[in-house]
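Student: I have a model on my screen and would like to understand the labels people attach to it. Could we go through the reasoning behind them together?

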Amino acid sequence: MSGQRLQAEAEPELAPAPLSVRGGGHDRAGRVFRWLATGSGVLILAVLAAVAGFLLLEAWPALSASREDLAAISWIPDDGSLLGYVGPLVFGTVLAAILALLLAVPVAIGIALFISHYAPRRLADVLGYLVDLLAAIPSVVYGLWGGLWLAPKLQGVWGWLSDNLGFIPLFEGPAATPPRVMMTVGVVLAVMILPIVTAVSREVFLQTPRLHEEAALALGATRWEMVRMAVLPFGRSGVISASMLGLGRALGETMAVLMILSPGLTYSWALLMAGRHQTIAANIALQFPEANPLGVSALIATGLALFVITLLVNMAARWVVSRRAAFSGAN
Amino acid sequence: MTRRRTALAIALAVAVSAPLAACGSDDPINHPWRPGGSTPGPAAPVAEGDLAGSLTAAGASSQESAMAAWAAGFQSAYPDVVVSYDPVGSGGGRTQFVEGGIQVAGSDAPLDDEELAAAQDRCAPGDVAELPLYVSPIAVVFNLDGIASLNMSPATVAGVFARTITRWNAAEIAADNPGVALPDLAITPVTRSDESGTTENFTEYLAAAAPQAWPYEPSGNWPLDGGQSAQGTSGVVQTVTDGVGTIGYADASKAGSLGTVALGVGDDFVPFSPEAAAALVDASPRAAGRPAASLVVDLDRTSTAPGTYPLVLVSYTLACTAYEDDADAELVAAFLAYVASEEGQAAAASAAGSAPVSPALREQVLAVVEGIAP
């Protein structure tokens, strides 16, 4: 697939335009377009550098502050360690995002396969449209829905989990009432990222070469075997990319977490207990209004940590995709 | 940085206060300046319509709804005046006031010694005035089926929130509530997750009234880790409502249909009411060692005076008794006179559920306001 893309990108330069009526116009237009494209590419790098620079610069007062100064901020631990403050936040952020991915990706692959290979044409169109529609709902709406409608409904489920599976550290009880806990956040975030993961996966599954599918069927494969042998291997790197898009949204989600979670700064695995976790983005939104200048700086330092996590996640995803590309059958 | 935050906050303030202000001036019943209602004459030292200009204020978000009501009421009497209030938080308000960026500030806490010295410099040759014009009771609210009110001594409240009393049918609660069928249910305390003046006043009360049961320092940030918490007053009320056996603390005006706790005062139990809150402010002594214009109240949280409600938030209005600009002084004097007037306090009471200040305190405030001179 990457080979094809490379060819497509190189095409404009190779293709001559002898049919152009305005002599020389083609060359000028080509040059202008090339500069515009190059400029846009450079702009992205510049923005990235500017964001990194801004975060470092604004976080510096907190990074270089003494422990006594930091401890004077009421919401920073008494030992005044910035790392001790950022650590649980990073843990909570990653935990929420991974939980959301674990819940969302299997369902998303199921929906995408149903739309691309199982559903009748008309139903597939309607479903695809609905999924795209879900992706456009703003996160604050999900937050309100999750906090006001969904959370009270989940109370019984979480209670059952902690009563019957409480021996697993993840479901340690007693389940909090109301269920303003990480598990609820995971469910709402999963619903939020489901559409984007589904939409991208569906597009990728639809790209599976018909020849591969027909070859599999001709060899006597059932539809499920065809999906397993032709569609899934072809779409694997695409699904990983889709998951990373979803992960990005889950990592940075603010409003839904802010409205649903009872925050706390610990490294706890107890997903059903309140006041154990907090994410970076929600914490910034929570503490910013009353923060003094050093407090703002400390919050921006946590933002810097989020920036680094996002970069690392994306680089890891690139690496996974490139490693898999050779086996995907896409080339 | 500060400038950017301020710009953001101003944008927010405009967005938030615009509809509020609209509500205030459209309210036909509670409008203090309505035709045929009480005349603005006695409260305002300057004849109606004489004033023009803009009055900028900033500070505690607790005063936001009250300030919106005051601004609406004042502006409808003086159409050429623009009053703006930027709810940046108490600390931000005090800083901007000391730096001279705003004429009036709102603050949940009095100025500390350092700020007081700087503010005196700012107000020279006048004094800095700290006026307790926003008094609001904080309610302890809970959600138990069929129980609308409970009695609790300070030590019991502290024990519940320190999580040493963990069940609703505990002996301590039962002892204060003879005849009430308390359920055998776990208590879930709900606190504020953001830093707030409400938390600070609540922990101050617990530390003063029940030092044995409450071993923590007063703080704007909830001192215990873990447990339920939510952002803002509405978040706490929502969480208490959604849960079973939950208990929390919130501005009394937002308590809604939740059960409320009558706090132990002496041998009696006093439910929250605006009158009881104002009575505590009256029963408390003035803080010593401050300028004459500074009416800081040293809240007596352990007061045993009958009819006082000890869990009260007092938010101060900071101003100077002298301004460089004559117009500023006139404007501030007229505005504060309106805020302290019965009409102004009634407007805040209906908009924000605050407790109107007592006549005695009003007299003291008006004496300070009359001293504001160019």
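Tutor: Gladly! Let's start with how a helix crossing is described: axes are lines fitted to C-alpha atoms, for helices over the stretch in contact, and angles run from 0 to 180 degrees between N-to-C directions. Keep in mind that this is a predicted model.

Student: What angle do the axes of α4 (residues 82–118) and α9 (residues 223–252) of chain A make?

Tutor: They cross at roughly 140°, and the axes come within 9 Å.

Student: Why are α4(A) and α9(A) called oblique to each other?

Tutor: Angles over 145 degrees count as roughly antiparallel and 65 to 115 as roughly perpendicular, with oblique for what falls outside the named ranges. The crossing is at roughly 140°, so α4(A) and α9(A) are oblique to each other. The handedness of their crossing is right-handed.

Student: Which residues make the contact?

Tutor: From α4(A), they include A:Thr93, A:Ala96, A:Ala100, A:Ile109 and A:His117, and from α9(A), A:Val227, A:Ser243, A:Gly246 and A:Leu251 are among them.

Student: How are the residues of this contact divided by class?

Tutor: There are 14 nonpolar, four polar and no charged residues. Gly counts as polar under the scheme used, so A:Gly246 of α9(A) belongs with the polar ones.

Student: Which domains does chain A have, and what makes up the contact between them?

Tutor: The assignment gives domain 1 (2–64) and domain 2 (71–327). Their C-alpha centres lie 31 Å apart. Nine residues of domain 1 of chain A are in contact with ten residues of domain 2 of chain A. On the domain 1 side, helix α2 (residues 25–63) of chain A gives the most, with eight residues. By class, that side has seven nonpolar residues, one polar and one charged.

Student: And how is chain B divided?

Tutor: Domain 1 of chain B is made of 2–134 + 287–296 + 315–370, while domain 2 covers 138–278. Eleven residues of that domain 1 are in contact with seven of domain 2. The domain 1 side has six nonpolar, four polar and one charged residues.

Student: How do you know where the predictor is less confident in chain B?

Tutor: pLDDT is its confidence in each residue, from 0 to 100. Chain B averages 84, and 87% of the residues score at least 70. Among its elements, helix α1 (residues 2–26) has the lowest mean, 44, and helix α5 (residues 154–161) the highest, 95. Over residues 8–47 of chain B, pLDDT stays under 50.

Student: What scores does the complex get?

Tutor: The predictor gives an ipTM of 0.78 and a pTM of 0.79.

How values were computed. Residues are numbered from 1 along each chain as its sequence is written. Chains are lettered from A and ligands numbered from 1 in the order in which they are written. This is a predicted model: local features need pLDDT of at least 70, side-chain atom pairs count only at pLDDT 80 or more; totals for chains, interfaces and linings use all residues. Helices (H or I, at least four residues) and strands (E, at least two) are DSSP runs, numbered from the N terminus. Angles under 35 degrees count as roughly parallel, over 145 as roughly antiparallel, 65 to 115 as roughly perpendicular and the rest as oblique. A crossing is left-handed if the near helix is turned anticlockwise from the far one by less than a right angle, and right-handed if clockwise. Two residues are in contact if their C-beta atoms, placed from the backbone, lie within 7 Å. Domain bounds come from an automatic or database domain assignment.
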